Amino acid sequence: MDRRNFLKNTALASGAFMIPAFLKPLEALATGSLTGYKNLVIIQLSGGNDGLNTIIPYGNDIYYQKRNTIAIKKPDVITLSDMQGLNPALSSLKEIYDQGWMGIINSVGYPNPDRSHFRSMDIWQTASESNQFLTTGWIGRYLDSNCSTCKNPYTAIEVDDTLSLAMKGSKMKGIAVEDPNKLYQTTREPFFKELVHDHSDANLSEDNLGYLYKTMAETYSSANYIQQTSKTYQVTGQYPATAMGNQLKTVSKFINSGLQTRVYYVSLSGFDTHVNQQNQQERVLKIYGDAVAAFIKDLKNTGKLDDTLVMTFSEFGRRVEQNASNGTDHGTANNILLFGGKLKKAGIYNNAPDLSQLDNGDLKYTVDFREVYATLLDKCLDVNNNQVLSGGFKGLNFI
């Protein structure tokens, strides 16, 4: 592979980010104390998870009237209150809920919702209005902000081989790392090393080529720091042998090894349930619930749960009434699930969705998702949300 093709095809550049002093070894910057370091873990459920069959309003007869064949039967619901309960596929989370480490925010959405997977995910990842098109994500803008810890590299890591829009800012980006050892070995290949060190000022001044040189240099140093730091800790918690289990096991390794990262991002797909929903959704919910339960227990045992907050979202919920294929179509408002050792208001945060007051068959939102983001920015990431969000969101009281 020649230099031109290497630069064109390398996927590593997509996950790296730039800082002005890009040639300074990044590991030399990682000398700060980790005392009190807070971790935000974001879990994205892709496909539009059906929130009504996740946190089930079993106490509302309308739910059973609207869903003749796919409603979860009352005896099977894992009850949380006299109105709502867990899908039985999430049984592993009941213990987490009972310990006060789980919270549920109902009816989360935004004005004029978009039912397109791609557009709706963009809205959630950029925190834009429904008629606003942004090229930066809300985590990326957090990296761009003036927060005291954002100057360090690897502040945001996506445990994957590609980087989501949520992690891309105008000046900085997160980094995508699926396997720290693999990333390290790749950046130590002779051709990669030659490209990192073999450049001129003329190369760096070119818009595209300069960007690639800089991001490769960032990746080179970041890979070393992440690999050297994370290998100091071996995860002892027991995780399910699933992709989601492995992702969260990797996050545990990063957190417990002391990696100076504030935001971790993972995702799970398979929630687009138009046909024969029950089996498909319950399969992916079990993958999700078992992995999260293992992760929360692991962090509790290592003393990191109090410093960690986990937020789960999906790009939209499903319509209230089932369709003719024993599934559900794209809807609007949904629930957000939270996990952590220091939830100020654990359990069910607000009223269950009102199934009697719908908007053209869809749930009406009562909480703007950017109020949740504002809370995370102000109280977890220690940055004024006005630096990241536009609209003056006050935030909520769950942490």
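1. Let's start with burial. In this predicted model, 58% of the 399 residues of the protein chain count as buried. The secondary structure of the chain comes to twelve helices and twelve strands. It is also worth knowing how far along the sequence the contacts reach: among those between residues at least 6 apart, 73% join residues at least 24 apart.

2. A good place to look next is a pair of helices, α10 (residues 243-257) and α11 (residues 277-302). Their axes come within 9 Å and cross at roughly 20°. Angles under 35 degrees count as roughly parallel, and α10 and α11 are therefore described as roughly parallel to each other. The crossing of α10 past α11 is right-handed.

3. Which residues make up the contact of these two helices? On the α10 side you will find M244, G245, L248, V251, S252, I255 and N256, and they meet I287, Y288, A291, V292, F295, D298, L299 and T302 of α11. By class, the residues of this contact divide into ten nonpolar, four polar and one charged.

4. Now for the aromatic rings, where the count comes to ten aromatic pairs. One of them is W124 with F313, a stacked pair with 5.3 Å from centre to centre and 15° between the planes. This pair links distant parts of the chain: W124 belongs to helix α4 (residues 117-126) and F313 to strand β9 (residues 308-314), and the two residues are 189 residues apart.

5. Are the two partners of that pair buried or exposed? Buried means under 20% relative accessible area. W124 has 3% relative accessibility, so W124 counts as buried. F313, at 2%, therefore counts as buried too. If you would like to widen the view from here, ring pairs link Y110, W124, W138, F313, F369 and Y373 into a cluster.

6. Two residues deserve a look for their backbone. N276 has a phi near 45°, a positive value in a residue other than glycine. You can find N276 in the loop between β8 (263-268) and α11. D382 is another residue other than glycine with a positive phi, here near 60°. D382 sits in the segment after α12 (369-379), and its relative accessibility is 48%, so D382 counts as partly exposed.

7. Next, please visit T366, in the loop between β11 (347-348) and β12 (367-368). At 57% relative accessibility, T366 counts as exposed. Which residues does T366 touch, leaving aside its neighbours within four places in sequence? The contacts are with N106, S107 and N350. As for P353, which is 13 residues from T366 along the chain, the C-alpha atoms of the two are separated by 8.7 Å.

8. From T366 we can step across to one of its contacts, N106, which lies in strand β5 (residues 102-109). While T366 counts as exposed, N106 is buried, with a relative accessible area of 1%. Not counting residues up to four places away in sequence, N106 touches Q84, N334, N335, I348, N350, N351, A352, P353, T366 and V367. N350 therefore turns up in both contact lists, that of T366 and that of N106, under the contact cut-off of heavy atoms within 4.5 Å.

Definitions and conventions. Residues numbered from 1 in each chain as written. Predicted model: local features only at pLDDT ≥ 70, side-chain atom pairs only at ≥ 80, totals over all residues. Heavy atoms only, no water. Axes fitted to C-alpha atoms, helices over the stretch in contact; angles between N-to-C directions. Helix = DSSP H or I, 4+ residues; strand = E, 2+ residues; numbered from the N terminus. Parallel < 35°, antiparallel > 145°, perpendicular 65-115°, else oblique. Left-handed = near helix turned anticlockwise from the far one by under 90°. Nonpolar A, V, L, I, M, F, W, Y, C, P; charged D, E, K, R; others polar. Phe/Tyr/Trp six-rings, centres within 6.5 Å; stacked < 30°, edge-to-face > 60°. Buried < 20%, exposed > 50% of the residue type's maximum accessible area, 1.4 Å probe, protein only.
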